[in-house]
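Here are some exercises to try with a model open on your screen. Have a go at each task before you read its solution.

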Amino acid sequence: MELYMLVGTFSIVARDPGNGDFGVAVATAAPAVGALAPHAIAGIAALSTQSFVNVELGRKAVRIAELGVRIGDAIESLLKVDPHREYRQVIGVDNQGSYGYTGSKCVPWAGHIAESDVAVAGNMIAGEAVLEAMLRAYRRSSGDPFPLKLLKALRAGEEAGGDVRGKQSAALLIASKNPRWEYNLRVDDHSDPVNELVRIYNKVVETMEIFKRRYGELMDIMRL
């Protein structure tokens with residue numbers, strides 16, 4: 001397993017109890033985090049792989065979970081054969097619960113919190129308060145659409161200190177059996193990536209509502 005640089009990242013993974021969708025929201029002070037960290041399969045699982053990131057760990061773990069293996073067991077099986085596992089940080093969630101791993105050589109402050117249907121993690125962040133703020137924001141936004149709950153959690157983490165190096169990229173990925181345009185968004189290089197991601201999300205939702213009014217039933221033939 002190769003070693004990739006993406007230290008200084010904070011993320012949230014969650015399962016929507018209402019419809020079973022899985023989602024990931026992540027931000028970092030490096031470009032194109034959406035190309036590396038988030039992985040998800042509709043109806044199966046979602047995870048974020050970060051710190052000295054291994055993209056194959058994310059890709060393989062969700063595929064193993066697709067075979068009926070718990071996401072935590074899938075991640076652990078891959079970490080056992082990874083000589084650089086102490087540099088890794090991974091969180092995942094599936095239909096049976098959540099999982100978190102923070103290697104002993106992740107750049108401090110590093111840690112994670114895993115609850116029944118949600119997990120948060122960060123490394124090279126301002127402290128545990130970042131993760132606690134993310135969980136509070138997620139829980140308090142229960143009336144919002146699932147993607148917006150994840151984005152509010154991400155913004156709360158940034159406001160609590162986020163990545164101590166600064167800001168550069170952010171991403172949102174929702175795995176759903178009913179996909180929508182706003183379920184796969186990235187900001188790869190921006191001075192305020194989390195707020196830019198929220199702006200793009202709102203713009204896409206607004207545009208889709210315009211299209212629905214304009215094209216009506218024709219929207220049903222679209223396949224995303």
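The exercises below look at aromatic rings first and then at helix packing, in what is a predicted model.

**Exercise 1.** Work out how the rings of W181 and F211 are arranged, and which parts of the chain they join.

*Solution.* Start with the total: the structure holds three aromatic pairs. For W181 and F211, the ring centres lie 5.7 Å apart and the planes are at 90°. Planes over 60 degrees apart count as edge-to-face, so that is the label for the pair of W181 and F211. Next, place the two residues. W181 sits in the loop between β9 (169-175) and β10 (184-187), while F211 belongs to helix α5 (residues 193-215). The pair therefore ties together parts that are 30 residues apart in sequence.

**Exercise 2.** Follow the rings on to Y215 and decide how exposed each member of the cluster is.

*Solution.* Begin with the geometry: F211 and Y215 have ring centres 6.0 Å apart and planes at 70°, so this pair is edge-to-face. Within helix α5, F211 and Y215 are four residues apart, which means a separation of about one helical turn. Put the pairs together, and W181, F211 and Y215 form one aromatic cluster. Now check exposure, where values from 20% to 50% count as partly exposed. W181 has a relative accessible area of 34%, so it is partly exposed. F211, at 22%, is partly exposed, and Y215 is partly exposed at 40%.

**Exercise 3.** Describe how helix α1 (residues 55-65) and helix α2 (residues 71-80) cross.

*Solution.* The axes of α1 and α2 come within 8 Å and cross at roughly 135°. Angles over 145 degrees would count as roughly antiparallel, so α1 and α2 are instead oblique to each other. As for handedness, α1 passes α2 in a right-handed crossing. Finally, look at the contact: residues of α1 including L57, V62 and I64 meet residues of α2, among them I71, I75 and L78.

**Exercise 4.** Do likewise for helix α3 (residues 128-140) and helix α4 (residues 146-159), then find what lies over the face of Y138.

*Solution.* The axes of α3 and α4 are 7 Å apart, and the packing angle is about 150°. That angle makes α3 roughly antiparallel to α4. The crossing of α3 and α4 is right-handed. Contact residues in α3 include M134, A137 and Y138, and those in α4 include F146, K149 and L150. Last step: K149 lies over the face of Y138, at 4.3 Å from the ring centre.

Technical notes: Residues numbered from 1 in each chain as written. Predicted model: local features only at pLDDT ≥ 70, side-chain atom pairs only at ≥ 80, totals over all residues. Heavy atoms only, no water. Phe/Tyr/Trp six-rings, centres within 6.5 Å; stacked < 30°, edge-to-face > 60°. Helix = DSSP H or I, 4+ residues; strand = E, 2+ residues; numbered from the N terminus. Buried < 20%, exposed > 50% of the residue type's maximum accessible area, 1.4 Å probe, protein only. Lys NZ or Arg CZ within 6 Å of the ring centre and 35° of its normal. Axes fitted to C-alpha atoms, helices over the stretch in contact; angles between N-to-C directions. Parallel < 35°, antiparallel > 145°, perpendicular 65-115°, else oblique. Left-handed = near helix turned anticlockwise from the far one by under 90°. Contact = heavy atoms within 4.5 Å.
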